[in-house]
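Let's take a look inside a protein and see how its side chains meet. Here is the structure to follow along with.

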Amino acid sequence: MSTAAGVRFLTGRFNVSKSNKSAKVSPDLDTPTDLPQAAVDKISASLNVLLADAFALYLKTKNFHWHVSGRHFRDYHLMLDEQSDAIFATTDQLAERVRKLGGTTIRSIGQIAKLQTIQDNDDDYVPPREMLRELMEDNKKMAAAMRKAHKLCDDNEDSGSASLLEVFIDETERRTWFLFEASRQEGANAA
């Protein structure tokens, strides 16, 4: 990169002066994109909330995986482990999408705590059926938030983020379905 008269020329979306304190992204992290800065800011903010929620849901699912008990222990333990792995797998893709757009992403547990909308569960004991129902509701909330983010991406012609979210919505709906079916009460006539 060359500099001329105190201005650093980037390959990205704009020239940034070293003295420009209002830049949201460090010149060293500037990423080229054809999206307007306002769209990058809105989409990045939305994806960062989804990322924070993914980390919160991942940890809650692992918590319940580690602390589940009862006669369905093995089935629930394995299902929650599988689901937590799938949730965690979304985190890198969400964060990298933000960076591809030219935004910055989560840097700490503290930032996750500020952004997350999924509530933690620090109870000493949660009955297995309540665990599944709580996770089902959290996954429904995640799917709704992803749909809202998808609309924002569509409105700003960000097909890359929208496509990624379509896959994640489907996966989240699958988790919701499995949690719902696993948490159903057995009928009164069941043997």
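## An aromatic pair late in the chain

F178 has a relative accessible area of 29%, so it counts as partly exposed. Keep in mind that this is a predicted model.

The ring of F178 doesn't sit alone: W177 and F178 make an aromatic pair. Their ring centres are 5.2 Å apart and their planes meet at 90 degrees, which puts the pair in the edge-to-face group.

## Rings across two helices

In total, the structure has three aromatic pairs. Another of them is F55 with F88, also edge-to-face, at 6.4 Å centre to centre and with 70 degrees between the planes. This pair ties together distant parts of the chain, since F55 belongs to helix α1 and F88 to helix α2, 33 residues apart.

Are these two rings buried, exposed or something in between? F55 has 26% relative accessibility, so it is partly exposed. F88 comes out at 43%, so it is partly exposed too. Add Y58, and you have one aromatic cluster made of F55, Y58 and F88.

## The nonpolar core

Now for the largest nonpolar core, which has 38 residues. The members that touch the most other members are L47, L50, L80, L94, M146, L165 and L179. Four elements each give two or more residues to this core: α1 (37-67), α2 (73-101), α4 (128-155) and α5 (159-183). Which of them gives the most? That's α1, with ten residues.

Zoom in on L47 for a moment. Leaving aside residues up to four places away in sequence, L47 touches L94, R97, V98, L101, S161 and L165.

How values were computed: Residues are numbered from 1 along each chain as its sequence is written. This is a predicted model: local features need pLDDT of at least 70, side-chain atom pairs count only at pLDDT 80 or more; totals for chains, interfaces and linings use all residues. Side-chain values use heavy atoms; hydrogens and water are left out. A nonpolar core is a set of buried Ala, Val, Leu, Ile, Met, Phe, Trp, Tyr and Cys residues joined through side-chain atoms within 4.5 Å. Buried means under 20% relative accessible area, exposed over 50%, partly exposed in between (1.4 Å probe, protein chains only). Contact means heavy atoms within 4.5 Å. Rings of Phe, Tyr and Trp (its six-membered ring) pair if their centres lie within 6.5 Å; planes under 30 degrees apart count as stacked, over 60 as edge-to-face and the rest as tilted.
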